[in-house]
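Below are some notes on the model, set out as numbered points. They cover the domains and the relation between the chains.

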Protein chains: 2
Amino acid sequence: MNPLTQIQCAQQDLISPAMREVAEQEHLPPEHLRDLVARGRVVIPANPRHASLRPIGIGRALRTKINANIGNSASSGGPETELEKLACAIRYGADTVMDLSTGGCLEAIRAHILAHSPVPVGTVPIYEALAKLDDPLDLSIERLLEVIAAQAEQGVDFMTLHAGILREHLPAARQRLTGIVSRGGSALALWMDRHGRQNPIFEHFDRVLDICRAHDVTISLGDGLRPGCLADASDDAQFAELRVLGDLVRRCRAAGVQAMVEGPGHVPLHEIEPNMRAEREICDDAPFYILGPIVTDCAPGYDHITAAIGGALGALHGAAMLCYVTPREHLGWPTLEDVRQGVIAFRIAAHAADVAAGRPGARDRDDAVSRARAAFDWESQFRLALDPERARTMHAESSSAHPATGEPCCTMCGPRFCALRISRDWKQSAK
Amino acid sequence: MNPLTQIQCAQQDLISPAMREVAEQEHLPPEHLRDLVARGRVVIPANPRHASLRPIGIGRALRTKINANIGNSASSGGPETELEKLACAIRYGADTVMDLSTGGCLEAIRAHILAHSPVPVGTVPIYEALAKLDDPLDLSIERLLEVIAAQAEQGVDFMTLHAGILREHLPAARQRLTGIVSRGGSALALWMDRHGRQNPIFEHFDRVLDICRAHDVTISLGDGLRPGCLADASDDAQFAELRVLGDLVRRCRAAGVQAMVEGPGHVPLHEIEPNMRAEREICDDAPFYILGPIVTDCAPGYDHITAAIGGALGALHGAAMLCYVTPREHLGWPTLEDVRQGVIAFRIAAHAADVAAGRPGARDRDDAVSRARAAFDWESQFRLALDPERARTMHAESSSAHPATGEPCCTMCGPRFCALRISRDWKQSAK
């Protein structure tokens, strides 16, 4: 017999070791965390077969989490490259990673990542199901369930499943400027249209639930109809799918399966708060896991910034986890340096929201940096920085010798105009 | 006799050529723009001696503007370097520049910048006034007025003057974690304390107004007490100064001098909207010109991102102009590449807010990029990007040959998983 899932434990008033660990990380009483898990407000993606995992919780009441997508595409990286990306993502603060490999060696790469990752690992099983087919129309529910089961047995902690995109949503999506930009969503749309049948993941959702319950895989309900540009944001297709996701959240919880909900994507700044509120209402406050969102379409090469702006605002208004976007979004598959840039931009966004939410201790690091600044303690400032190397390098590049004393001197204000130094003199002298 | 200032013209119901030009840029009837100028809701910093200027308007009702700080410090750059920074800032979309030089050759650098800049040029006259002194305590109002007059005669369009930091504010500022981080503010605080006298710019503000009116220099009321870290944000010192700035705005308007108000700085995400609202109320909706704001202190090396997040939210809630922050903030004086990174990050922030505000035509560029994406028209996507070179380079680095056709193929999804291609097939086939 399989062990209970986290939500089943919580529903039976049991506090699992994972709950205890997460409660400690989040400075919450374990009983309170258990209640949040029982009600589906927090998920703890922790497949028992993922031996190297240190569990974390995802939910609006907790510290904002960030996910980094890694994995290869047809023209890039094998297992070694992906382990480098994993190490980089974790080093700079990713809370979860998703292995989105589609370029071959899928099982081997996933096995490597699972063996080395202390953070929850997510996948999109339809990628593997499609990878072995010549034609996406040959996809079958049996093939997909096989992949889900195999990945669950391998130890995957959470899986994106596009169960909410339905045949009846497609006419609305056809009106869009950029159509369907989710890979799983577009493949399913084509499949439904050509076969004249309903989404097989939706139709066979109970069988999906059985597998996920058996391995405590958290379902991340994918938004196959997420908008791919500002013009398509918050349209009928997006919200029709979200209502289905809300129903599926309730089915997951009733089945003892943990569930979170994926969200957009591309959203103008003023629509972010309403989007967060809508998900909370429609999906009964299931943890909302959003991609960015990107707030302008015209900055390819800088979408880590366009998306960090949206992500910060999303987290401020209740998103539980932010999927990073890298500078190479819309242009190519991320490199190792892109992973670093993406993770740091999203750590900034998540942290800024946590400070604003007043989470216990969230601002301690900021205050420590500021104290170091006021004391001209550069070493502490570097050590406390999200990216110590970059801070140290930039400062070193910019330093020059003080013309009078020969001491190293910051170029920001030059030797005579340093506001902090004048301010310190003023504070010390004029008591 | 001097010509009328823009606000004097507008108060007399006259529409100046500059107002006409700004109204056209902003898609507003000239009469409406004139009313905004008359009421001080819009400023048009346009010193008649700045011959190469193409006027722009700054105000909450207009497109959000961004300012790039250039200028040398003691250890960097002469006139040539600064002209390179000017060209770079304008190329990537700066609406104004401030010459913050403190490192020598001040007049020559300013003359070069004014001769070449089509955008309004701002300065902080106290820097030049202090530069020639051995001791900041030797500062005098006569010296400062001389500098203001000389710069006004040279053609400077707007000047930061720290007229609002008063002796009575200093006890509150002394409690702060990072004290006073404005260079002008810290020098004035030291001066006031040591001499036991009031802020000379405040005391002699009428004489400042006479000079500024004579040359239609727009006064940018500096926030010498802007917070330098999250811990000091929105404190008594900041708001005490803001109330003085509100009074000074009214005095400027009554004297026929254009005025805007400078704002923070470092502000946690949730305090940005209240800060914008407070300025609007206290300063009678004078254009608010904010620095960032930075929303977390712990990301030195990435403060263009921490500040673009704050800036986007600030502009969404009514800031009229955003002063950029570069990646080198807190670490050193910006290089040419830092200027580029800072301007682009802030163009993103300002544009995202303009889209959200529904300004006429604001989203056209986004939609054009999105149409190009859906059509696989890479060239148009690059051309329309905020940084075409970077988008083109990143895409080229990431391209690979399609294994079957040999055609160039984007690595984002690889040859077989392209959501846009599948989506296009689906849209075309299944009518």
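**Domain and chain contacts**

1. Domain 1 and domain 2 of chain A bury about 560 Å² between them, with 48% of it on carbon and sulfur atoms; buried area is the accessible area (1.4 Å probe) that two parts lose on being put together, summed over both. This is a predicted model: local features need pLDDT of at least 70 and side-chain atom pairs pLDDT 80 or more, while totals for chains, interfaces and linings use all residues. Residues are numbered from 1 along each chain as its sequence is written, chains are lettered from A in the order in which they are written, and side-chain values use heavy atoms, without hydrogens or water.

2. In chain A, domain 1 spans 60-356 and domain 2 spans 364-429, with bounds from an automatic or database domain assignment. Their centres, taken over C-alpha atoms, are 41 Å apart.

3. Nine residues of domain 1 of chain A contact five residues of domain 2 of chain A (heavy atoms within 4.5 Å).

4. Two salt bridges are counted between these domains of chain A (a side-chain nitrogen of Lys or Arg within 4 Å of a carboxyl oxygen of Asp or Glu). A:Arg91 and A:Glu389 form a salt bridge, their closest N and O atoms being 2.6 Å apart.

5. Chain B superposes on chain A by a rotation of 180 degrees with 0.0 Å of shift along its axis (RMSD 0.0 Å); the fit is by least squares on the C-alpha atoms of residues with pLDDT of at least 70 in both. The two copies are therefore related as by a two-fold rotation axis. In chain B, the C-alpha nearest the axis belongs to B:Ile309, 2.3 Å from it.
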